[in-house]
Amino acid sequence: MNEIEQRIAELNKLLHEYGHAYYVLDNPIVADSVYDQLLQELIALEEANPSLIYPDSPTQRVGGAVIEGFKKVTHDYPMLSLSNAFNEADIREYDRKIRQAIGDNFSYVCELKIDGLAISLKYDNGVFVQGATRGDGVIGEDITANLKTIRAVPLRLQEPITIEVRGEAYMPKKSFDKLNLLRAENGEELFANPRNAAAGSLRQLDPKIAASRQLSTFIYAIGGDGEAYGIDGHGEMLDYLEGLGLPSNKERQHCTSIDEVLSFIEKWTENRPNLAYEIDGIVIKVDRFAQQDELGYTAKSPRWAIAYKFPAEEVVTTLLDIDLTV
Ligand code: NAD
């Protein structure tokens with residue numbers, strides 16, 4: 001094996017190990033920034049050496065794995081991830097590519113990137129019938145009983161319609177602090193962050209445990225074709241979902257230029273500590289569905305959206321006793 005082959009093998013191995021700890025055990029062993037850096041290194045190496053892409057490379061699939069114990073749910077439409085941007089140059093480059101593909105006549109909707117886990121909720125004639133995790137993107141876990149314990153998840157919509165919606169379940173900062181305090185008192189292992197605590201809570205087989213964890217949710221999408229509901233764009237869809245009685249995040253903004261997008265990012269980089277929940281970035285989406293369709297999808301993520309990730313904030317000395325983020 002030459003040096004590149006060796007590094008690719010090594011990165012695959014490390015990322016699988018870290019991904020397993022994170023997605024399956026809900027117990028990360030390295031900081032997200034470390035994981036992201038290694039993943040970006042692998043992406044770059046694979047781009048330069050496409051013949052060395054392993055079929056099970058972490059770049060080839062969406063996040064998690066399906067854990068045993070829950071009924072499996074095959075998603076009607078895959079639940080995808082988002083591609084990432086880490087700085088202003090990445091965002092400007094993304095904007096340039098979008099303009100190249102669809103011209104200048106479009107707008108973005110910027111949203112907070114809630115640091116929780118993706119969920120799907122199905123309503124049949126307005127009644128909540130099934131809730132699932134994203135799992136590997138194609139198959140998720142049926143966590144209906146646990147999701148029913150979340151007060152923000154309406155058990156009945158304002159209208160008797162049949163719809164699948166998607167969003168993020170999360171643990172508010174206060175609930176997280178309380179939970180870890182309690183766990184410390186009981187000599188139990190602490191959760192590394194609210195996202196892993198939320199994921200761990202929703203994958204408990206006993207819904208009483210999920211109920212005690214005080215989770216919440218924001219809904220940000222319709223699963224499938226929004227146009228079937230008479231909506232033409234993302235911003236309009238969020239208003240529509242709100243009208244159905246679903247919790248949508250209010251801190252969103254239409255932007256007609258990339259400079260406006262950058263100001264939105266700047267604003268939330270500063271205001272982030274004042275929120276009652278964790279965010280790990282800003283999601284930037286092309287608004288109109290027709291333009292989203294033109295841009296299409298990669299295997300892992302839509303081309304019409306990108307997630308800007310905030311730089312690493314905290315050091316995970318509690319996890320490994322060494323500073324991995326510098
Ligand atoms: P992601 O978190 O980077 O982004 C995609 C997800 O963002 C979506 O699936 C959705 O759940 C969520 N999201 C939140 N708000 C949204 C909004 N307004 N609109 C659309 N989507 C929104 O991707 P991922 O595949 O879920 O996970 C990768 C993350 O997991 C990275 O942050 C990575 O660092 C972390 N990770 C860490 C480790 C570790 O060992 N520390 C291991 C694996 C993964």
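## Elements and domains

Helices and strands here are DSSP runs, numbered from the N terminus, with at least four residues for a helix and at least two for a strand. Keep in mind that this is a predicted model.

The domain assignment splits the chain into domain 1 (1-60) and domain 2 (61-320). Their C-alpha centres sit 24 Å apart.

## Two loop residues with positive phi

As a rule, most residues other than glycine have a negative phi. Gln214 goes the other way, with phi near 50°. You'll find Gln214 in the loop between helix H7 (207-212) and strand E8 (216-222). Gln214 counts as partly exposed because it has 17 C-beta neighbours inside 10 Å.

Asn125 also has a positive phi, near 50°. Its spot is the loop that links strand E4 (117-124) to strand E5 (127-133). With 12 other C-beta atoms within 10 Å, Asn125 is exposed.

## Helix H9 and its two sides

Helix H9 takes in residues 258-271. Its 14 residues should span 20 Å at 1.5 Å a residue, and the end C-alpha atoms are indeed 20 Å apart, so the two values agree.

Which residues of H9 are buried? They are Val261, Phe264 and Trp268. These cover an arc of only 60° around the axis, so they fall on the same side of H9. Asp259, Glu266 and Glu270, on the other side of H9, are exposed.

And what covers those buried residues of H9? The cover includes helix H3 (88-102) along with three strands: E3 (108-114), E9 (253-255) and E10 (279-286).

Terms used
Residues are numbered from 1 along each chain as its sequence is written. This is a predicted model: local features need pLDDT of at least 70, side-chain atom pairs count only at pLDDT 80 or more; totals for chains, interfaces and linings use all residues. Domain bounds come from an automatic or database domain assignment. A residue is buried if 20 or more other C-beta atoms lie within 10 Å of its own, exposed if 12 or fewer, and partly exposed in between; C-beta atoms are placed from the backbone. The expected span of a helix is 1.5 Å times one less than its number of residues. The arc is that of the directions from the helix axis to the C-beta atoms. Two residues are in contact if their C-beta atoms, placed from the backbone, lie within 7 Å.
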